[in-house]
Amino acid sequence: MDHKTLAAYDSDAAAFAQDWHDQPAPSDLHAVVRRFFRPGRTADIGCGSGREVAWLAANGFPAAGYDPSEGLLREARSRYPRLEFAAAALPDLTGVPDGSFDNVLCETVIMHLGRAAIAPSVARLLAILRPGGVLYLSWRVTAGADQRDSHGRLYAAFDPALVTGALASAAILLDEETVSASSGKAIHRIVACKDAP
């Protein structure tokens, strides 16, 4: 994870959490999850303040949330004390065992990584899936060069081939660029199924 991005989330976690919870529900994300996820244990990687972990758990997907920001994890645990949250950062996801989830959600996270960490992160997201498991991966689209917002958060500009190349062993079920119903920002989303061995 980019250190300046992580510092921004840690220093103003309550404000970021409130902003995300004030945004409209991501009905487009929910529709894609309902369409492609299979019943079973689900990880939200980069869970932030836990909004999607709560939605997943309430909609039949027992979920655990992981985030590198201790500030955001405090927000998540405060808002959803009965749900499971733990610290873990891409690309390593230390402490998250291989083959432990039926579904993995990673919503608008990888654009906060340097280009060199994107492909290893995607490979690691696949690794924590069970055979036949489903990955939902999205990122905010940044044209041209990398950018930082007023908080110092990194928005990496990268070729989607970095992602699709790391998914070569998986079956891609959905690959689209769209506008998020929640943030109103342009995103690229991919849904992939980890091939059974």
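I take buried to mean under 20% relative accessible area, and I keep that cut-off at hand for the entries below, all of which concern a predicted model.

**Entry 1: S49**

I looked up S49 and found its place in the loop between strand 1 and helix 4. Is S49 buried or exposed? Its relative accessibility is 2%, and because the cut-off lies at 20%, S49 counts as buried. I then asked which side chain makes a polar contact with the side chain of S49. The partner is the side chain of H21, at 2.9 Å. Leaving aside residues up to four places away in sequence, I listed what S49 touches: A17, W20 and H21, then L72, E75 and A76, and finally R79 and Y80. H21 therefore appears in my notes both as a polar partner of S49 and as one of the residues that S49 touches.

**Entry 2: strand 1 and its neighbours**

I turned next to strand 1, residues 42-45, and checked what lies on its two faces. Both faces are covered, with T42 and D44 buried on one side and A43 and I45 buried on the other.

Which strands pair with strand 1, and in what sense? Strand 2, residues 63-67, pairs with strand 1 in the parallel sense over 4 bridges, and I noted that T42 stands opposite A63 of strand 2. Following the chain from strand 1 to strand 2, I passed through helix 4, residues 51-58, and recorded this β-α-β crossover as right-handed. Strand 4, residues 101-106, also pairs with strand 1 in the parallel sense, here over 3 bridges, and D44 stands opposite L105 of strand 4.

**Entry 3: the chain as a whole**

For context I went back to the whole chain, whose secondary structure comes to 7 helices and 9 strands. How does the radius of gyration of the chain stand against that of a compact globule? A compact globule of 197 residues would have a radius of gyration near 16 Å, and the chain has 15 Å, so the two agree. Along the principal axes, the C-alpha atoms fill a box of roughly 45 × 40 × 30 Å.

I also noted that buried residues make up 51% of the 197 residues. Taking contacts between residues at least 6 apart in sequence, I found that 68% join residues at least 24 apart. Last, I wrote down an accessible surface of about 8,400 Å² for the chain, of which 53% belongs to carbon and sulfur atoms.

Key
Residues are numbered from 1 along each chain as its sequence is written. This is a predicted model: local features need pLDDT of at least 70, side-chain atom pairs count only at pLDDT 80 or more; totals for chains, interfaces and linings use all residues. Side-chain values use heavy atoms; hydrogens and water are left out. Buried means under 20% relative accessible area, exposed over 50%, partly exposed in between (1.4 Å probe, protein chains only). Two strands pair if DSSP finds at least two bridges between them. A crossover is right-handed if, with the strands pointing away from the viewer, the path from the first strand over the helix to the second runs clockwise. A polar contact is a pair of N or O atoms within 3.5 Å; within protein, one must be able to donate a hydrogen and the other to accept it, and residues adjacent in sequence count only if both atoms are side-chain atoms. Contact means heavy atoms within 4.5 Å. The radius of gyration is taken over C-alpha atoms; the globule rule is 2.2 Å times the number of residues to the power 0.38. Accessible areas come from the Shrake-Rupley method with a 1.4 Å probe; for residues, only the protein chains shown count as cover.
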